[in-house]
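Open the model in your viewer and keep the selection tool at hand. The stops below go from one helix pair to its neighbours, and then out to whole chains and the places where chains touch.

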Amino acid sequence: MIKTLGTEDTLENAGLSAEEQQLFSNARPRAYEPYPIKAVEDFANWARANSLWILAFGTGCGAIELRPLMTARFDANRFGVAGRPTPRQSSVFVIGGYASVKTLKRIIRSYEQMQGPKFVIALGICPVNGGMYFDSYNTVNRFDQYLPVDLYITGCMPRPEVLVAGIMELQKKIKAGRCDGANRYVENFDWYKANQKKVIKNWDMPDYNW
Amino acid sequence: MTQSTGHSAALDFAQPEPPDLSSGKYVKLWQGPQHPGITGNMSLELVLDGDTIIACKTHVGYLHRGFEKLMERRTFIQNFTVVCRIAVPEPTFNEYLYSHAVEELSGIEVPERAVWLRTMNLEMMRLASFLMWIGGQSGAFGQYTVPNWTLAYRDYVLDLFEEMTGARIYHMYIVPGGVRAGLPDGFEERAREIMKGAEKLLDQIERVMFHNVVFKARSKGLGIITPDMVDPYGIVGPNARACGLARDIRKDEPYLAYDRLDFDTITGNEPDAYGRAYLRLQETRQSISLIRQCLDRAPTDGPFQADMPNVLHWKIPAGETYVKAECTRGEYGYYMVTDGTEFVRRVHVRGPSYTHAIAVMERLAVGTNIADIAGLMVSLHTYPPEIER
Amino acid sequence: MNEILDRLQRNFSISDISVRKPGLVTLKVGKDSAEILIRELRDREGYTHLNFIACIDYIEDGIFTLVYMLHNYASKETLGVHVDIDRESAEMTSIHTLWAQAWTYQRELREMYGINFPGSPRLEEDFCLEGWDQIPPMRREFDTKAFSEERFGHREGRHSEVPRDHMKVELYPNRGGDEE
């Protein structure tokens, strides 16, 4: 049985049944602290920037250009980018294009299972303002209402060269210590969660997927 | 690993009894949308008895954008920019079918040069799609050399697309009335060179992949489709041709320039995953030969777009039509109904994966090993975006 | 094709026979005899391939028109069977016993239009939409743009032009009236 915390600072987990409540933790997410010595934090940021492992989850159209990115012509591996099959081992979530409501629920689940520091790259114009599905009843229009985004790469569809440029931009941001999407998520957790629950009507998972 | 149907598919449509999950004998797994063993974004709810699957339910809808509703809100000329995104890995067929349906309903005649350019564009799209599929099929069985080869070589074909149309993936080249532009200078030499390289690559792939002991052992006997399953399940394309049925829309009901091109319908006699894969390899070679024929015979001058009415005020008389084309997966169809206004009344997109990925997959998955499920899914060549549009 | 139509006209009350193009014919049949007609087409006339089952919403007449598109591989002819059903209590006999793929189409139609097919397996399961709490979305009274604005919001800075108004105001301000 997971040890559950006391009454303060816990989550409701209203979507779970009574027996499932015993299986999931109801602790709130925690922000990760930077290292107290600046040199160590810079070294850690350099290490994180040069080993960005992407979660292999093609959420939409944008996934079609992720495959050529890994081949020898554009070669994302030289930046330390590799595709991982599980969120536990990855640090970057690439939102490939539009997010339908059904996929958004799985994106949230996978994102929360990733370990911090974690970053989100939004590909394409659809996460920015809905793109060409701006009037669709099943795709979200502003992705950063639901999860914090660190980098937008616009286009439809963005070419692999643009993706490489975006990765380099993300690396610069991480090394400068300005990539704090995961901490923003924790600090504004209630706001994000309220937005998510507004669109996802069948919330049958814990409030935070550890 | 082997799969037996046991009874005639034509008679048994009843859904099987769900297994008793609380008995402690079975394991329920979700091979969900975030999984490297799924083509695209759909999920399988599997119930396992040891290593063998005894029940499979498919879940789609992760890519549902409501295209048919969106198309009703846009005018005829605005729609062609949207349709290519319905089937993400193979967009050109949507553009062609939409344009063809609109032209049929409004009585526009496409000039000769545009017909040949459209044919070449579609065959190049088939080639690129088959290359990606070959990589997917061998990758599903753990052989990662071949996907790296084919995905890398496919980039050259995407370069050709970029020269021809301006974009790698979503071309928006085939418009109602014709095509958007002619071929640039020097395109023919570059295209021929890339076709030569593709042939050499396919020979190498045949040696590395199809003569490989492990690939043969894993794919032979996997996912057998019997001929009496084909019509009740609506199986089309290479999946049906591998059972021996000679059904190819390019030959049976020719469209574009296919009645003037020289090719045969390829059929196979091994309806398992290996047979289907080999048939698709042969169809890739056929696509290369068709592209070469188009390069030889396409007219190099003349108009590439018909005279169109004022597209901003375009009203098409009431009518309905159904057009279809042979894409890499089979029969792709557009059903369009107009009612005399500026907006289309109803467009229904019939993707081949609609039946392959849901009814056929649930049928074939029963009895396979959990390790082979990814291979089985890829061998049916399903693309989830066209299921839920 | 004409012999088939003659035979069908003798046994069923079909109407609105229309040759859309060479190889494609559509006809309309009443709701009660639709399943028998489709079964006859499949078993005796050779229309063994079901292309799709679609629905057209004629809200102004208060009906849904279901379209069953059947194909005959031997004679390479396609036949579209139109069936009108009432919009308010939309129900149609299920043909899931005729084709093993038909239940998927019926499941989608129930979700998108609200049409009930009694007996069709797994009809209550969600097909594409999860947690949907509005009316079935493909019905014409559902305003998808308004719903998207209200549920998902929008980001400022997006500028849309309606081409006709732009032309009238910006490009041809001196020309009055509609271009036809």
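**Stop 1: α3 and α4 of chain B**

Select Thr92(B), Phe93(B) and Tyr96(B) in α3(B), then add Arg118(B), Asn121(B), Leu122(B) and Met125(B) in α4(B): these two sets meet. Contact here is a matter of C-beta atoms, placed from the backbone, lying within 7 Å of each other. By class, this contact of α3(B) with α4(B) has four nonpolar, two polar and one charged residues. The classes are nonpolar for Ala, Val, Leu, Ile, Met, Phe, Trp, Tyr, Cys and Pro, charged for Asp, Glu, Lys and Arg, and polar for the others, Gly among them.

This is a predicted model, in which local features need pLDDT of at least 70 and side-chain atom pairs count only at pLDDT 80 or more, while totals for chains, interfaces and linings use all residues. Residues are numbered from 1 along each chain as its sequence is written, and chains are lettered from A and ligands numbered from 1 in the order in which they are written.

Now show the whole of both helices. Helices (H or I, at least four residues) and strands (E, at least two) are DSSP runs, numbered from the N terminus. The axes of α3(B) and α4(B), the latter being residues 112-140, come within 9 Å and cross at roughly 150 degrees. That makes α3(B) roughly antiparallel to α4(B). Axes are lines fitted to C-alpha atoms, for helices over the stretch in contact, and angles run from 0 to 180 degrees between N-to-C directions. Angles under 35 degrees count as roughly parallel, over 145 as roughly antiparallel, 65 to 115 as roughly perpendicular and the rest as oblique. α3(B) passes α4(B) in a left-handed crossing; left-handed is when the near helix is turned anticlockwise from the far one by less than a right angle, and right-handed when clockwise.

**Stop 2: back to α2 of chain B**

Keep α3(B), residues 92-106, and add α2(B), residues 76-83. Their axes lie 9 Å apart, at an angle of about 160 degrees. That makes α2(B) roughly antiparallel to α3(B). What is the hand of the crossing where α2(B) passes α3(B)? It is right-handed.

For the contact itself, pick Phe76(B), Asn79(B), Phe80(B) and Val83(B) in α2(B), which meet Asn94(B), Glu95(B), Tyr98(B), Ser99(B) and Val102(B) in α3(B). Five of the residues in this contact are nonpolar, three polar and one charged.

**Stop 3: on to α5 of chain B**

Return to α4(B) and add α5(B), residues 145-165. The two axes come within 8 Å and cross at roughly 165 degrees. That makes α4(B) roughly antiparallel to α5(B). The crossing of this pair is left-handed.

Residues to select in α4(B) include Asn121(B), Met124(B), Leu127(B) and Leu131(B), and among their partners in α5(B) are Val146(B), Leu151(B), Val157(B) and Phe161(B). The contact of α4(B) with α5(B) has 15 nonpolar, six polar and one charged residues.

**Stop 4: chain B as a whole**

Zoom out to chain B, which has 14 helices and eight strands. Its radius of gyration is 21 Å, close to the 21 Å that the globule rule gives for 389 residues, so chain B is as compact as a globular protein of that length. The radius is taken over C-alpha atoms, and the rule is 2.2 Å times the number of residues to the power 0.38. The C-alpha trace spans about 70 × 50 × 35 Å along its principal axes.

Of the 389 residues, 55% count as buried. Buried requires 20 or more other C-beta atoms within 10 Å of a residue's own, exposed 12 or fewer, and partly exposed lies in between, with C-beta atoms placed from the backbone.

**Stop 5: where chain C touches chain B**

Select the contact between chains C and B: 36 residues come from chain C and 36 residues from chain B. On the side of chain C, β3(C) gives the most, with six residues. That side divides into 17 nonpolar, 12 polar and seven charged residues.

**Stop 6: chain A**

Finish on chain A, with eight helices and five strands. Buried residues make up 40% of its 210 residues. Where chain A touches chain C, 18 residues of chain A are in contact with 15 residues of chain C. α4 (101-113) and α5 (126-129) of chain A each supply at least two residues of the side that touches chain C.
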